[in-house]
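Trainee: Please take one part of this model and go through it closely. I would like a connected account rather than a list.

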Amino acid sequence: MTVTGPPASAGYDWYLRFESVRRTADVLLNGKPVGTHRDPYVPFELPATGIRPGEPNVLEVRVDNRKIENPREGWGNWGGIVRPVAVVAKGRV
């Protein structure tokens, strides 16, 4: 997916927020890895390191939805990015 980077704001960094990815997500931004997440049940954020403000950015998410033996669950027939993804600003508290 190609997205235009938001304008930079002083004191803030950009993060990619995933509401749900089933099961394992390997995330790349502009061809460089930014992180991996392996818990299919909780939202997560990864730093949008290397995002280019005002320019096209390529976001690649590689999802592996193969089910492991445990925990046992009855809905193992679906996977992928199953909820919204957003670019969010985070600053120091």
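**Strand β7 and its surroundings**

Mentor: Val63 is located in strand β7, which covers residues 56–64. Keep in mind that the model is predicted. Val63 has a relative accessible area of 32%, and because buried means under 20% and exposed over 50%, Val63 counts as partly exposed. On the surface, Val63 joins Ile81 and Val85 in a nonpolar patch of about 200 Å².

Now the sheet to which β7 belongs. It is an open sheet of four strands in the order β1-β7-β4-β5, and the pairing is antiparallel. At the edges are β1 (2–4) and β5 (32–37), each of which pairs on one side only. Ignoring direction, neighbouring strands of this sheet are turned against each other by 25 degrees on average. In general, the strands of a sheet pair through backbone hydrogen bonds, in a parallel or an antiparallel way.

The pairing of β5 can be followed in detail. Its partner is β4, residues 24–29, and the two run antiparallel with five bridges. Within β4 and β5, Leu29 stands opposite Lys32 of β5.

Ile81, one of the patch residues, also leads to Ser20. Leaving aside residues up to four places away in sequence, Ser20 touches Ile81 along with Pro40, Gly80, Val82 and Arg83. Ser20 itself sits in the loop that runs between β2 (12–18) and β3 (21–22). Its relative accessibility is 10%, so Ser20 counts as buried, whereas Val63 is partly exposed.

Key: Residues are numbered from 1 along each chain as its sequence is written. This is a predicted model: local features need pLDDT of at least 70, side-chain atom pairs count only at pLDDT 80 or more; totals for chains, interfaces and linings use all residues. Side-chain values use heavy atoms; hydrogens and water are left out. Buried means under 20% relative accessible area, exposed over 50%, partly exposed in between (1.4 Å probe, protein chains only). Contact means heavy atoms within 4.5 Å. Two strands pair if DSSP finds at least two bridges between them. Axes are lines fitted to C-alpha atoms, for helices over the stretch in contact, and angles run from 0 to 180 degrees between N-to-C directions. Patches are made of residues with over 30% relative accessible area and no salt bridge: like charges are joined within 9 Å, nonpolar side chains (Val, Leu, Ile, Met, Phe, Trp, Tyr) within 5 Å. Accessible areas come from the Shrake-Rupley method with a 1.4 Å probe; for residues, only the protein chains shown count as cover. A salt bridge is a side-chain nitrogen of Lys or Arg within 4 Å of a carboxyl oxygen of Asp or Glu.
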